[in-house]
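Work through the exercises below with the sequence and coordinates at hand. Each task is followed by a solution in steps.

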Amino acid sequence: RMVDEDTMIVCFEDAEDDRFPVGAGKGYVRASSGAFWKCERLPEDRSIPQTRVTYMQQADLKGFIPPSLVSSKIVGTLECFS
């Protein structure tokens, strides 16, 4: 959705899919998540267009994940955006 001519917001949330039925013994659990992207146009820097991107996500993976694993993945994800 365009908030104004310089700001765009995109939101995501998970959806149910009958190809992946909920149930014990299937070998997986159903996680859930939601995400939010905000893109804001900034003034150009030496004639190069600039954009500030804000990304927020909330996820429930429905299980125990060691903090060290989560931390290691966050660093790699953030490096993709820098």
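**Exercise 1. In this predicted model, locate S47 and R46, and determine the sign of phi for each.**

Solution.
1. S47 sits in the loop between β3 and β4.
2. R46 is also placed in the loop between β3 and β4.
3. The phi of S47 is positive, about 70°, although S47 is not a glycine.
4. R46, not a glycine either, has a positive phi of about 55°.
5. For context, most residues other than glycine have a negative phi.
6. The cut-off for exposed is over 50% relative accessible area. S47 has 64% and is therefore exposed; R46, at 71%, counts as exposed as well.

**Exercise 2. Search the whole structure for aromatic pairs and classify what is found.**

Solution.
1. The search returns 1 aromatic pair.
2. Its members are W37 and Y55, with ring centres 4.5 Å apart and planes at 50°.
3. Planes under 30 degrees apart count as stacked and those over 60 as edge-to-face, with the rest tilted. At 50°, the pair of W37 and Y55 is therefore tilted.
4. W37 belongs to strand β3 (residues 32–45) and Y55 to strand β4 (residues 48–60), so the pair ties together parts that are 18 residues apart in sequence.
5. For accessibility, W37 has a relative value of 23% and counts as partly exposed. Y55, with a relative accessible area of 34%, is partly exposed too.

**Exercise 3. Describe how strand β2 is joined to β1 and to β3.**

Solution.
1. Strand β1 (residues 2–4) and strand β2 (residues 7–13) run antiparallel and are joined by 2 bridges.
2. Between β1 and β2 there are 2 residues, and the two strands form a hairpin.
3. Across this hairpin, D4 stands opposite T7 in β2.
4. On to β3: β2 and β3 run antiparallel, with 7 bridges joining them.
5. One position can be read off directly: E13 has G34 in β3 as its bridge partner.

**Exercise 4. Is T7 buried or exposed, and which residues does T7 touch beyond four places away in sequence?**

Solution.
1. T7 lies in strand β2.
2. Buried means under 20% relative accessible area. The value for T7 is 10%, so T7 is buried.
3. Leaving out residues up to four places away in sequence, T7 touches R1, M2, K38, C39 and E40.
4. As already found, T7 in β2 also has D4 opposite.

Notes:
Residues are numbered from 1 along each chain as its sequence is written. This is a predicted model: local features need pLDDT of at least 70, side-chain atom pairs count only at pLDDT 80 or more; totals for chains, interfaces and linings use all residues. Side-chain values use heavy atoms; hydrogens and water are left out. Rings of Phe, Tyr and Trp (its six-membered ring) pair if their centres lie within 6.5 Å; planes under 30 degrees apart count as stacked, over 60 as edge-to-face and the rest as tilted. Helices (H or I, at least four residues) and strands (E, at least two) are DSSP runs, numbered from the N terminus. Buried means under 20% relative accessible area, exposed over 50%, partly exposed in between (1.4 Å probe, protein chains only). Two strands pair if DSSP finds at least two bridges between them. Contact means heavy atoms within 4.5 Å.
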